[in-house]
Amino acid sequence: MKMRWNSGLPKLEKECLTYLKEQKVFERLLKGFWKKYESYGMFTGTVELRNLTEEEREELEGFFGKNFHGKKSAAVSAAKFRNAWKNSRFGEISPEKVLEIYFDKKPEAKSEEKRLYEQMWKSILKQAGKEAAGTPAAGWIENLKDVLEKGVSSDVSVCAQEIYRYLKKRCGESKSSEHEIRKQVSMVARMINALPYWKGNVEYQAVFAAKVTGNPHAFDRGEQDSALLTLILNWFARQNQNGQNNKEESCQPNHNIFPALHTQKLYLQAGILKDDVSNYTTVFGIRAWKENGKLHQGICGYLEEEEAVQVSLASIAKWGRVECREQELFLVENPSVFSVLCGKWKGKRSCMCMNGQPRLSSLLLLDLLAGSGVRIYYAGDFDPEGLLIAQKLKQYYRGDFIFWHMTRQDYEQAMSKETISERRMKMLEKITDPRLLPAVERMREEKKAGYQEKLIGLYTD
């Protein structure tokens with residue numbers, strides 16, 4: 001509990017404060033009565049003083065005029081304190097005023113303190129609502145009012161409340177002043193209004209952070225404002241989802257399949273790029289349109305030249321539609337296999353290379369393909385990791401998805417001499433798709449990995 005010397009006190013109260021500070025036992029005694037006041041709303045109760053020092057015993061004897069010699073503890077009731085205090089030279093100062101002088105603030109019952117605290121938050125939010133009128137942040141205030149005042153429990157209102165709860169916890173733990181709380185609420189409004197999505201833009205996280213907070217690292221992992229931004233983006237995603245009811249449910253991907261990429265996608269939906277340099281996908285034989293409906297001339301050029309192209313996450317994020325030859329796309333895991341297929345299928349088919357574990361760029365492209373009704377043919381390596389990727393992609397894709405040359409017989413032809421460790425073999429327990437199980441059972445028998453390169457002849461026939 002913070003104590004300060006209050007130079008604005010009348011003379012008697014200054015002398016009283018000096019006396020209380022000189023007598024060390026009063027620190028423990030008054031802290032005890034302060035807690036009682038918080039509980040009962042009045043100067044009452046009994047304070048237990050344990051493990052008394054010799055100095056404290058002498059101070060108690062001087063104040064109460066009573067022998068405390070040899071006592072290890074003492075019980076001081078409010079009534080005893082009040083009587084002893086009344087007989088002191090500071091008797092005209094009430095015990096309640098003594099608490100105020102010592103702690104430099106008026107004592108209040110916690111229930112009253114809580115009521116005033118809630119009233120302050122309500123006033124702050126009301127003012128924030130007025131200031132946010134006509135901006136996207138007004139939506140957050142309205143959603144918050146729905147849940148706090150009307151008891152609405154929709155997904156978007158609950159997300160709005162999560163931001164509010166986080167702010168209250170953060171401000172409570174740091175004992176923020178009303179001015180600091182207003183700054184925090186204004187920060188939320190500023191973050192919402194600054195989301196690149198509202199202007200149809202895409203920005204790197206560091207650029208967005210610098211623009212909003214002045215610190216390019218404010219939203220880095222582990223930073224306090226990073227958690228706040230994630231809550232805001234959860235709210236934004238829910239609100240945006242509510243406004244896009246025209247999308248068919250069958251085209252909505254399952255984000256639980258690749259949870260590690262969910263946060264990246266959450267950021268990107270609001271126009272914030274967490275990572276772009278290493279986030280790309282490689283395609284061949286596709287045509288793309290921008291969000292504004294205009295044909296993407298760059299991708300069109302690669303189609304006309306019959307060349308593969310690496311496309312960044314930033315670029316795919318600005319696409320609105322994708323089409324493939326014959327509305328089919330052959331998706332492979334291995335880059336070398338992809339290169340062979342591109343050479344063999346010029347002018348005939350469309351291809352895409354996953355190149356190991358899926359990146360967000362690949363998943364965004366799959367979302368666009370599903371929206372265009374493209375059928376996917378997928379071929380990958382025959383090892384536990386490869387089969388898990390195959391199964392997850394099938395679960396993620398909201399369209400026709402066919403395992404291509406991934407049968408038991410294909411595994412036998414692709415089999416190598418590489419032995420799969422027991423640790424990796426246990427991963428096969430996660431494979432449940434019935435179309436992959438025959439290959440899984442044979443793999444359990446052989447304990448050998450199989451690779452796509454040995455099936456190139458089958459792919460190109």
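A nonpolar core is a set of buried Ala, Val, Leu, Ile, Met, Phe, Trp, Tyr and Cys residues joined through side-chain atoms within 4.5 Å. Buried means under 20% relative accessible area, exposed means over 50%, and partly exposed lies in between (1.4 Å probe, protein chains only).

The structure is a predicted model, in which local features need pLDDT of at least 70 and side-chain atom pairs count only at pLDDT 80 or more, while totals for chains, interfaces and linings use all residues. Residues are numbered from 1 along each chain as its sequence is written, and side-chain values use heavy atoms, with hydrogens and water left out.

**Exercise 1. The core and helix 17**

Find the residues with the most contacts inside the largest nonpolar core, then follow Leu393 into helix 17.

*Solution.*

Step 1. The largest nonpolar core has 72 residues, and Trp319, Leu369 and Leu393 have the most contacts inside it.

Step 2. Helix 16 (residues 360-371) gives this core its largest share, 8 residues. Helices (H or I, at least four residues) and strands (E, at least two) are DSSP runs, numbered from the N terminus.

Step 3. Apart from this core lies another, of 45 residues, including Ile124, Ile232, Leu233 and Ala270.

Step 4. Now take Leu393, with its neighbours within four places in sequence left aside. Leu393 is in contact (heavy atoms within 4.5 Å) with Phe258, Leu331, Met354, Pro358, Leu363, Leu366, Tyr378 and Phe401.

Step 5. Leu393 is one of the buried residues of helix 17; among the others are Pro384, Gly386, Leu387 and Tyr396.

Step 6. Check the length of helix 17 (residues 384-396): its 13 residues reach 18 Å from first C-alpha to last, close to the 18 Å expected at 1.5 Å a residue. The expected span is 1.5 Å times one less than the number of residues.

**Exercise 2. Three salt bridges**

For the salt bridges Glu96 to Arg82, Arg375 to Asp400 and Glu412 to Arg408, say where the partners sit and how exposed they are.

*Solution.*

Step 1. Start with the principle: side chains of opposite charge can pair when their charged atoms come close. The cut-off for a salt bridge is a side-chain nitrogen of Lys or Arg within 4 Å of a carboxyl oxygen of Asp or Glu. The structure holds 28 of them.

Step 2. Glu96 and Arg82 meet at 3.4 Å, N to O. The pair links distant parts of the chain, with Glu96 in helix 5 (residues 95-103) and Arg82 in helix 4 (residues 78-86), 14 residues apart. Glu96 is partly exposed at 25%, and Arg82 is partly exposed at 33% relative accessibility.

Step 3. In the pair of Arg375 and Asp400, the closest N and O atoms are 3.6 Å apart. Arg375 belongs to strand 11 (residues 375-379) and Asp400 to the loop between helix 17 and strand 12 (401-403), so the bridge ties together parts 25 residues apart in sequence. Arg375 has a relative accessibility of 32% and Asp400 has 44%; Arg375 counts as partly exposed, and so does Asp400.

Step 4. For Glu412 and Arg408, the closest N and O atoms are 3.7 Å apart. Both lie in helix 18 (residues 408-414), and because they are 4 residues apart they are separated by about one helical turn. Glu412 is partly exposed at 36%, and Arg408 is partly exposed at 29%.

Step 5. Widen the view: Arg408 and Glu412 belong to a network of salt bridges with Arg442, Glu445 and Glu446.

**Exercise 3. Cysteines**

How many disulfides does the structure hold, and which cysteine sulfur is nearest to that of Cys159 and of Cys324?

*Solution.*

Step 1. A disulfide needs a pair of cysteine sulfur atoms within 2.5 Å, and the structure holds 0.

Step 2. For Cys159, the nearest cysteine sulfur is that of Cys171, 20 Å away. Cys159 is buried, at 15%.

Step 3. For Cys324, the nearest is the sulfur of Cys351, 9.5 Å away. Cys324 is buried too, at 10%.

**Exercise 4. Arg424**

Is Arg424 buried or exposed, and which side chain does it meet in a polar contact?

*Solution.*

Step 1. Arg424 lies in helix 19 (residues 422-425) and is buried, with a relative accessible area of 13%.

Step 2. The side chain of Arg424 makes a polar contact with that of Glu385 at 2.8 Å. A polar contact is a pair of N or O atoms within 3.5 Å; within protein, one must be able to donate a hydrogen and the other to accept it, and residues adjacent in sequence count only if both atoms are side-chain atoms.

Step 3. With neighbours within four places in sequence left aside, Arg424 is in contact with Asp383, Pro384, Glu385 and Glu418.
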